[in-house]
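Visitor: I would like a close look at one part of this protein, a place where two helices pack against each other. Please take me through it with care.

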Amino acid sequence: MYIQNPAGKWMAAGAILAICAAGPAIAQSKKIPAFDISSIDRNLKPCADFDGFSNENWKKANPIPGTESKWGAFGILDKENKEVRIKGIITEIAKRSGLAKGTEEQQIADYYVSFLDTTTIEKRDITPLKPYLDKINAIRTLADWARVCGELQEIGVNTWAGFAVAADARDSKMNAVYGGQDGLSLGERSYYDRQDEATQKVREEFVKHIDKMFTMAGFKEKNPGKTILDFEMSIAKLQLTNVELRDPVKTYNKIGFGELSMLAPDFDWNTFAARQGIRTDTVILQNKAYLSNGNKVIKATPIETLKTYTRFQLLTTFAGYLPKRFDDENFHFFGTVVTGRKVQRPRIDRAIRSTDAVLGMPLGKLFVKKYFPESSKQKVSEMIENVRAVYGERIDKLSWMSATTKQMAHKKLAAFTYKIGYPDKWKDYSTIDIQKGRLVENIISAAKYHTNERTKKIGKAVDKSEWLMTPQTVNAYYYPLNNEVVFPAGILQPPFFNPDADDAVNYGGIIAVIGHEFTHGFDDQGSQFDAEGNLKNWWTADDRKNFEALAKKYIDYFSSLEPLPGFKINGALTIGENIADLGGLTLAYHALEKSLKGKPTPAPIDGFTWKQRFFLGWAQVWHANITDAGLRNQIQTDSHSPARYRINGPLPHMEEFADAWSCGADSKMVLPAAQRVVIW
Ligand SMILES: [Zn+2]
C-alpha cells in the first residue's frame, strides 16, 4: 500500500520519500502505555535478535487478520483511524437529508451510499463501462488506439506509457510535463523477469485471472490471459528496473514534444496527449530507449492484441466497483495471490476506505477539526528544530566530508521547510459530480477532476503549499523538489507520539521519524538536490565519492539479508530508506542525549534505562507480522525494507545500541567496527 503519489508514479525525481507505506490521528481518551512490556520475549536476547526480544510476544498476541497481508503499528492505527474516526464522520453526514448538490457533505454522503448500494451495482452490471468498451471495440488502426488510450488516461486507465505533471527537477519553481514507462498490470517488471517458483505461480494465476474476468464480462477472445501476459512481458523487459528509476539524473531527459514522434513514430502522441488535456512544448523523459524500443513492439503487435490488452486495463481499473463476481475475482488475484490476504474487508469498511480514497481532503478537513489539537503544531515544530540543530552538529563532526561540502550541507539543512498537521488552504472539489446509484461514474468524475487539476498546472509556477498526503494519513514524507518535510496529523499519535510516554520512547518514535525524513534530504537521491530543490550537484568530487562508497557498503550489507529463502533484500532499491532509518535513529538518539545534558539521569522504567527505552520505542513502531506473499511482494516492489529489518538492520551499526544493551563484541546485533557504516 503505497502512498499515492500525485506527482506521477514513474518519476524518480518527483518521488516522495515516506517513512512507510501505510496509513492515522490524535486526541486519546485512554492512557496508552509508552511501551507495553508484555510485548517482550525474555527467552530471546536483545543482543542476538532485538526485534524478537522486543516484539515476539506482541507478534504472538497479534496474528494477521484475514483481511490484511501485514499487521503492525501503521496498519492498526490506520484501521482505528478509518474504521472509527473517519467512519464516525461519514456515517453522521450520511444521516442528514437535503444536502445541497456540490457541497462536500453531499459528495461524501452520496459517494458512501453509492458504494454500499450493491443492488444497483449488480443490476447495472458492466453497463457503466459500455461507452469506453465501445470505443475500444471500434479501434481499427494504431492511431485509433492512441486516441482511445488518451481518453482512457483521463479516467485513470493505464497504457504502455504515460504523462505526469510536477515540479521541474532542474527548475523546481516551475511545473513541467514528465513522460515515462507504464502499463504493467503486476506493477513492476520483476514480476515478469523472475524465474523462481513463487513468481512463476503469480504469472500462471494472472493468466487464469484474466481469462475469468473476460468470461464474466462476456468478452469473446480466446486465451486473453496468455495474450496479455505475452504483451506485458514484451514491454516489461524494455522498462527500467525500480533500482534504475532511483537515479534522478539518468531519468531526467528533457526533449521537445515533437521529438516523441521521432522516438516512437507509430504512436500518435499529439492525439494521445490532447485527449488527456496535455499541451506542452517540452517533456522530461524517463528513458528515451523505452519509447523507441516500445514503438517496435507496438508496431509488431496485432491491433486485436492491443485491444484485448486495453479492455483488460479498463476492466481491472474498475473491477472493485463492479458486481460481486468481478470484485471477488479481483480480490482473489491482487489480494490473495499477490499479497496473501485471505478475505475482503466487510463492505461497510470498504465503503469508508473508498470514500476516504476519493474524497480524502474534504474528509481530512473535518477530521482535523475534530481530532487534531492545535497545540500539537507547536510541539512538533520544536521537535523539528531540535532535529535540525543536532543534524548540524553531526555534519560538523563528519570525518569523511570536507569543509566546502559541509558548508553546502548546512545551507541545505537551514533551508528545509516543514508542514505539520494539515494544509493551510483546501482545494475546491465541488466540480466532482457525485451521485447515488452511480459508483463507476463517480470514480470517473473524480479521475477527470484530478486529470484537470494536473492540466491546470502546466506552464504555471509550483504551488509550494500543496500537500501530497491527506491529513489523516499515518505517514510522513520528504519532498526533494520542495526541500520540505511533512508530518500529517495522522502520525502524531501513539505509538509514534504519545503525550503520556517518557521522552526516551517518544524520541525512539516520532523524533526518529522526523530524523528519518530529514535524512532523506541527504540520502542517495535527496543529496543530489540543492537547498532550492533543484537537481544540482553541490558536492566536491571527493566527498561524493566518499558518500557513494559508504552507501555501497550499506547496499551490500542489506543485500546479504534474506527474509525468505531465495528472496534477499534488494539493497540498491532500499538504500534511500535504509540510510534514512540509520540517520533518523542516530539523530534522535543524540537529540535525546542532548536534551538530558545537565539534568539528572532519568530513573529506569520497568527495569529499562532511558537508553534502552529509546531503542524499545523504535522497535515498537515497527513491530509487525506479515504473510509470506506479502513479504515477497514487499521485497520486490517496496523501497522500504521489511519491518523486522528496519529494526535489526541498522542497530548493529550503532555503537549507541551496543552500549545501551551492554552487548559483547561477539553478539549478533554488533558488527565489528570495520564493517559498520556511519553516514550521518
Ligand atoms: Zn522514508
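Guide: What follows looks at one pair of helices, after a few words on the whole protein. This is a predicted model, in which local features need pLDDT of at least 70 and side-chain atom pairs count only at pLDDT 80 or more, while totals for chains, interfaces and linings use all residues. Residues are numbered from 1 along each chain as its sequence is written.

The protein holds 26 helices and 10 strands, these being DSSP runs (H or I of at least four residues for helices, E of at least two for strands) numbered from the N terminus. Its C-alpha atoms fill a box of roughly 75 × 60 × 50 Å along the principal axes.

Two packed helices are described by the angle between their axes and the distance between the axes. Helix 8 (residues 197–217) and helix 9 (residues 224–236) have axes that come within 7 Å and cross at roughly 130°, the axes being lines fitted to C-alpha atoms over the stretch in contact, with angles from 0 to 180 degrees between N-to-C directions. The two helices are therefore oblique to each other, because angles under 35 degrees count as roughly parallel, over 145 as roughly antiparallel, 65 to 115 as roughly perpendicular and the rest as oblique.

On the side of helix 8, Arg203, Phe206, Val207, Lys208, Ile210, Asp211 and Phe214 meet Pro224, Gly225, Lys226, Ile228 and Leu229 of helix 9, contact here requiring C-beta atoms, placed from the backbone, within 7 Å. The residues of this contact divide into seven nonpolar, one polar and four charged, where Ala, Val, Leu, Ile, Met, Phe, Trp, Tyr, Cys and Pro count as nonpolar, Asp, Glu, Lys and Arg as charged, and the others, Gly among them, as polar.

Methods:
Two residues are in contact if their C-beta atoms, placed from the backbone, lie within 7 Å.
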